[in-house]
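Got the viewer open? Here is a short tour, with something to select at each stop.

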Amino acid sequence: MANTPQSKKRARQTVRRTAVNTARRSRIRTHLRKVEEAIASGNKDAAAEALKVAQPEVMRGVTKGVFHKNTASRKISRLSARVKALGA
């Protein structure tokens with residue numbers, strides 16, 4: 001348990017940051033799921049549009065420290081390859 005005033009403050013800040021990061025991660029996953037659903041439906045235009053919206057969200061998660069840069073790049077790369085394969 002936190003004893004010093006500074007450690008008590010850090011505990012409060014951690015609770016707030018965890019809530020923000022959880023909401024941010026959930027928002028990113030929702031965007032990724034929309035891309036997945038569009039790919040599953042076979043609609044290339046909808047999938048491309050969903051990817052276009054999801055990409056900045058994922059990269060924003062990187063700048064905010066929710067995801068690692070390489071993780072985000074890998075997810076976007078794999079999704080874009082699947083969207084591209086829909087047209088072929």
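Start by selecting Lys9, which sits in helix H1. Keep in mind that this is a predicted model. Lys9 is partly exposed, with a relative accessibility of 38%. Now add Gly65: the two C-alpha atoms are 21 Å apart, while 56 residues separate Lys9 and Gly65 along the chain.

Next, add Lys8, Arg10, Arg12, Arg16, Arg17 and Lys64 to Lys9, and you have a positive surface patch. Zoom in on Lys64, in the loop between helix H2 (44-63) and helix H3 (69-87). Lys64 is partly exposed too, at 45% relative accessible area.

Time for some charge pairs. How many salt bridges does the structure hold? There are four. Pick Arg27 and Glu57, whose side chains meet with N and O 2.9 Å apart. This pair links distant parts of the chain, with Arg27 in helix H1 and Glu57 in helix H2. Glu57 is buried at 10% relative accessible area, whereas Arg27 is partly exposed at 47%. Add Arg60 to see a salt-bridge network with Arg27 and Glu57.

Then go to Glu36 and Arg82, another salt bridge, with the closest N and O atoms 2.9 Å apart. Glu36 is in helix H1 and Arg82 in helix H3, so this pair ties together parts 46 residues apart in sequence.

Last stop: the inside. Select Val35, Ile39, Val58, Leu79 and Val83, the residues with the most contacts inside the largest nonpolar core, which has 17 residues. Helices H1 (5-41), H2 and H3 each supply at least two residues of this core, and H2 gives the most, with six.

Notes:
Residues numbered from 1 in each chain as written. Predicted model: local features only at pLDDT ≥ 70, side-chain atom pairs only at ≥ 80, totals over all residues. Heavy atoms only, no water. Patch = residues over 30% accessible without salt bridge, like charges linked within 9 Å, V, L, I, M, F, W, Y side chains within 5 Å. Areas by Shrake-Rupley, 256 points an atom, 1.4 Å probe, with all protein chains shown as cover. Lys, Arg positive; Asp, Glu negative; His and termini not counted. Charge placed at Lys NZ, Arg CZ, Asp CG, Glu CD. Helix = DSSP H or I, 4+ residues; strand = E, 2+ residues; numbered from the N terminus. Buried < 20%, exposed > 50% of the residue type's maximum accessible area, 1.4 Å probe, protein only. Core = buried A, V, L, I, M, F, W, Y, C linked by side-chain atoms within 4.5 Å.
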